[in-house]
Amino acid sequence: MTVAVALAVAVAAGLDRAVGEPPRRVHPVALFGAAVAPFDREWRRPDAVGVPVAALFPVGAAVVAAGAVALAASVDPLSVGAGGGVPVGGVVVAGVALWLTVSLRMLVGVARETVALTETDPAAARERVVALVGRDPAALSPADLRSAAVESAAENLADGVVAPLWWFVAGATAGVAAAGVVSLPTAALALAGGAAGAVWAKAVNTLDSMLGYRSKPVGRASARLDDAVAFLPARVTAACLAAAARSPGTLRRARPLAGEPASPNSGWPMATAAVALGVRLEKPGAYVLAGGPEPPSPAAARAGVQLVETAGRTVVALAIGWFIALAGVVAWL
């Protein structure tokens, strides 16, 4: 019953909108980072350490998530409907797992606050933008800060929202397909597969954010794996940004700019945002995304943040719609 998976996505979206993120000291992503931290140092043979870390840590996190969802789904008193059709416990745990991997409210809130501060208190904006970007903000002008906020909002929409949702959908759909082979409850397998996919993708991205720098050879495998995991989500994000801007041609115009950043993925959502807004987004010394002649004004930057939020909500709606449609297909078959 894939309606249960649609409900789990709705639970995650509701928690993100109502609560945001849990405190960092108890956030599972922070706990995962603490487990990885001992490997963040120089090694004589970095790939001999980095490859197992990249392979095993995300899989371990995914197994824990899937196990928790499967256990919750197996508790009969929490199932409702004919034959226990909707495992409520599994829906809740899968929804919580997905919620912990997405961060649309926080992303939009920080970006919006940074843009507002560029008009009233640039020094405070420089302090706030650190939550979004890794570059040194000390020398950034208000226009540079607005550019950084819009760039990061677009890029992190792909990494922090679309990628976990994409792999949740992929894992849950695989669970639906597997249910007919192993003769296990469809809803339980789909929920467990979805949670595993989202947590795996988030773990890969967390490894990349910790280790995936050229100065850290131990992170080479993590960086390459993150590139692969984000390849399709980055392009889906660009399409959703173009749809949110009601300008399908934006994708065609953004394509030549998407290769400007060194990353094979981040350029797609950033270039699409630049073209949709008609502004120049720039990381000094790294790249220029010339969607227009001028950097974003306060009004354009606010529109950029709103564009990111609209695209994020669209992705959530598409995920829910996919599972409702899939439920109809399964019922028809």
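1. Asp136 is exposed in this predicted model, with a relative accessible area of 59%. That value is over the 50% cut-off, so the residue counts as exposed and not as partly exposed. Asp136 belongs to the loop that joins helix 6 (122-129) to helix 7 (142-182).

2. Two distances help to place Asp136. A polar atom of its side chain lies 3.1 Å from the backbone nitrogen of Ala138. The C-alpha atom of Asp136 is separated by 8.8 Å from that of Arg126, and these two residues are 10 residues apart along the chain.

3. The largest nonpolar core has 90 residues. Within this core, Leu157 and Phe323 touch the most other members. The element that gives the most to the core is helix 8 (residues 186-211), with 15 residues. In soluble globular proteins, nonpolar side chains tend to be buried together.

4. The contacts of Leu157 can be listed once neighbours within four places in sequence are left aside. They include Leu104, Leu107, Ser152 and Val162. Also among them are Thr237, Leu241, Val308, Ala311 and Gly312.

5. Five aromatic pairs are found in a search of the whole structure. One of these is formed by Phe32 and Phe57, with 6.0 Å centre to centre and 80° between the planes, and is edge-to-face. Phe32 lies in helix 2 (residues 28-36) and Phe57 in helix 3 (residues 46-73), so their pairing ties together parts that are 25 residues apart in sequence.

6. Which of these two rings belongs to a buried residue? Phe32 is buried, with a relative accessible area of 13%. Phe57 is partly exposed, at 21%; the cut-off for buried is under 20%, so Phe57 does not qualify.

7. Phe39 and Trp43 form a stacked aromatic pair, with 6.4 Å centre to centre and 25° between the planes. Pairing requires centres within 6.5 Å, and stacking requires planes under 30 degrees apart, so this pair meets both criteria. Phe39 is partly exposed, with a relative accessible area of 25%, and Trp43 is partly exposed as well, at 27%.

8. Phe32, Phe39, Trp43 and Phe57 make up one aromatic cluster. The charged end of Arg41 sits over the ring of Trp43, 3.6 Å from the ring centre; Trp43 is thus a member of the cluster and also has a charge over its ring.

9. Another arrangement of this kind involves Arg235 and Phe231. The charged end of Arg235 sits over the ring of Phe231, 3.7 Å from the centre of that ring.

Note on methods. Residues numbered from 1 in each chain as written. Predicted model: local features only at pLDDT ≥ 70, side-chain atom pairs only at ≥ 80, totals over all residues. Heavy atoms only, no water. Helix = DSSP H or I, 4+ residues; strand = E, 2+ residues; numbered from the N terminus. Buried < 20%, exposed > 50% of the residue type's maximum accessible area, 1.4 Å probe, protein only. Polar contact = N/O pair within 3.5 Å; in protein donor to acceptor, adjacent residues only side chain to side chain. Core = buried A, V, L, I, M, F, W, Y, C linked by side-chain atoms within 4.5 Å. Contact = heavy atoms within 4.5 Å. Phe/Tyr/Trp six-rings, centres within 6.5 Å; stacked < 30°, edge-to-face > 60°. Lys NZ or Arg CZ within 6 Å of the ring centre and 35° of its normal.
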